[in-house]
Amino acid sequence: MSQIIIDQKTCTKCNTCATVCVMGIIDKTTDSGYPTIPEEKSDYCIKCGHCESFCAQKALTLDFLPEEKINATFSDSMIEPQNLAFYIKGRRSVRHYSSKTIDKELIAKVIDVARYAASGGNGQPVKWMVIHEPAEVKLVAGLTIDWMRTIQNTTHPLADYVPGIIATWDSGLDLICHNAPHLLFAHVPVDPIDDPTEAIIALTHFDIAAPAFGIGTCWAGFVKMALDNYKPLKDRLLIPEGRKAACPMLFGYSSYKITSIPRRNPVDITWR
Ligand SMILES: Cc1cc2nc3c(=O)[nH]c(=O)nc-3n(C[C@H](O)[C@H](O)[C@H](O)COP(=O)(O)O)c2cc1C
């Protein structure tokens, strides 16, 4: 049940709220009244808040956590495009981490940014799990290596690739979790016809936001493969029954600073 709260002193009855409502449940204003959600339609509200976000007068508040409403004035040039492009192009995968751990409060702040990632129907299905204890991250790396040992001399596509990684691990070098202090998981309900898309989107938000908080990241693809295929790791990680994790993300303070942006392949676009 959702309702909209209208400040009648500032509402100009422009009806933008009704126009942008993705569910089309806001009745337009009349000469005598203000926009409303009729009671019989209020259950269809997905609480996306677009009615509120696009109200030029800031005259409307959705009655979902109204005390958390943030009024903001966005100008088109809030972030200069070249600054944003430089920031995003300057993100690098970090594989050398300081042993200094990151305070949980700071990690929660970055996850709070990722909370605003898009989700189908504003369903917000993502839940997070942070392995904060470095020794536990090491254990995950070890179990991933154990999984790699099981696929040696098999027909697995990585069978010829893993012996090198295993040998490196045995010599004391961690190419799985790169001695990162922390490991982040995002998980969503299992969907037989979809990948954990929303978890990947939310993690990508974390990946992009993290450098602004001084944090370096790296996707942990090998851990993901082991998680999908090796029961001892699955049992250790305890992703809740009925939920599926996306590729996890290593993070911590980087040992090195980034000083230049490397080249990438020319973009390949088909225009139709
Ligand atoms: C799905 C995915 C899985 C990845 N898995 C690993 C991994 O297991 N280990 C690793 O060191 N890097 C991993 N990476 C990082 C890529 O190697 C890296 O993004 C790529 O080399 C480009 O470097 P950049 O991120 O610094 O631009 C992964 C990246 C993605 C997107």
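**Helix packing and a ligand shell**

Tutor: In this predicted model, Ile145, Met148, Arg149 and Ile151 of α5 meet Val162, Ile165, Ile166 and Trp169 of α6. By class, that contact holds seven nonpolar residues, no polar ones and one charged one.

Student: What makes one residue of the contact of α5 with α6 charged?

Tutor: Arg149 is among the residues that meet, and Arg counts as charged. Ile, Met, Val and Trp count as nonpolar, which covers the other seven.

Student: At what angle do α5 and α6 pack?

Tutor: Helix α5 (residues 134-151) and helix α6 (residues 162-170) pack at about 140 degrees, and their axes are 10 Å apart.

Student: Why is α5 called oblique to α6?

Tutor: Roughly perpendicular ends at 115 degrees and roughly antiparallel needs an angle over 145. The angle here is about 140 degrees, so α5 is oblique to α6. The crossing of this pair, α5 and α6, is left-handed.

Student: What describes the packing of α4 and α7?

Tutor: Helix α4 (residues 104-114) and helix α7 (residues 197-209) have axes 8 Å apart, at an angle of about 125 degrees.

Student: Why are α4 and α7 called oblique to each other?

Tutor: About 125 degrees lies beyond the 65 to 115 range for roughly perpendicular and is not over 145. The pair α4 and α7 is therefore oblique. α4 passes α7 in a right-handed crossing. Val110, Ile111, Val113 and Ala114 of α4 make the contact with Ala202, His205, Phe206 and Ala209 of α7. Seven of these residues are nonpolar, one is polar and none is charged; His205 is the polar one, because His is on neither the nonpolar nor the charged list.

Student: How close do the axes of α5 and α8 come, and at what angle do they cross?

Tutor: They come within 9 Å and cross at roughly 65 degrees.

Student: Why are α5 and α8 called roughly perpendicular?

Tutor: The class runs from 65 to 115 degrees, and roughly 65 degrees sits at its lower bound. α5 and α8 are therefore roughly perpendicular to each other. α5 passes α8 in a left-handed crossing. The contact joins Val140, Leu143, Thr144 and Trp147 of α5 to Phe222, Val223, Ala226 and Asn229 of α8. It has six nonpolar, two polar and no charged residues.

Student: Which residues surround the ligand?

Tutor: Arg92, Ser93, Arg95, Cys218, Trp219, Ala220, Gly221, Phe222 and Cys247. β5 (216-219) and α8 (221-229) each supply at least two residues of this shell.

Student: What makes two residues of the shell around the ligand polar?

Tutor: The shell includes Ser93 and Gly221, and Gly counts as polar, as does Ser. With those two, the shell has five nonpolar and two charged residues.

Key
Residues are numbered from 1 along each chain as its sequence is written. This is a predicted model: local features need pLDDT of at least 70, side-chain atom pairs count only at pLDDT 80 or more; totals for chains, interfaces and linings use all residues. Axes are lines fitted to C-alpha atoms, for helices over the stretch in contact, and angles run from 0 to 180 degrees between N-to-C directions. Helices (H or I, at least four residues) and strands (E, at least two) are DSSP runs, numbered from the N terminus. Angles under 35 degrees count as roughly parallel, over 145 as roughly antiparallel, 65 to 115 as roughly perpendicular and the rest as oblique. A crossing is left-handed if the near helix is turned anticlockwise from the far one by less than a right angle, and right-handed if clockwise. Two residues are in contact if their C-beta atoms, placed from the backbone, lie within 7 Å. A residue is near a molecule or strand if its C-beta atom, placed from the backbone, lies within 6 Å of it.
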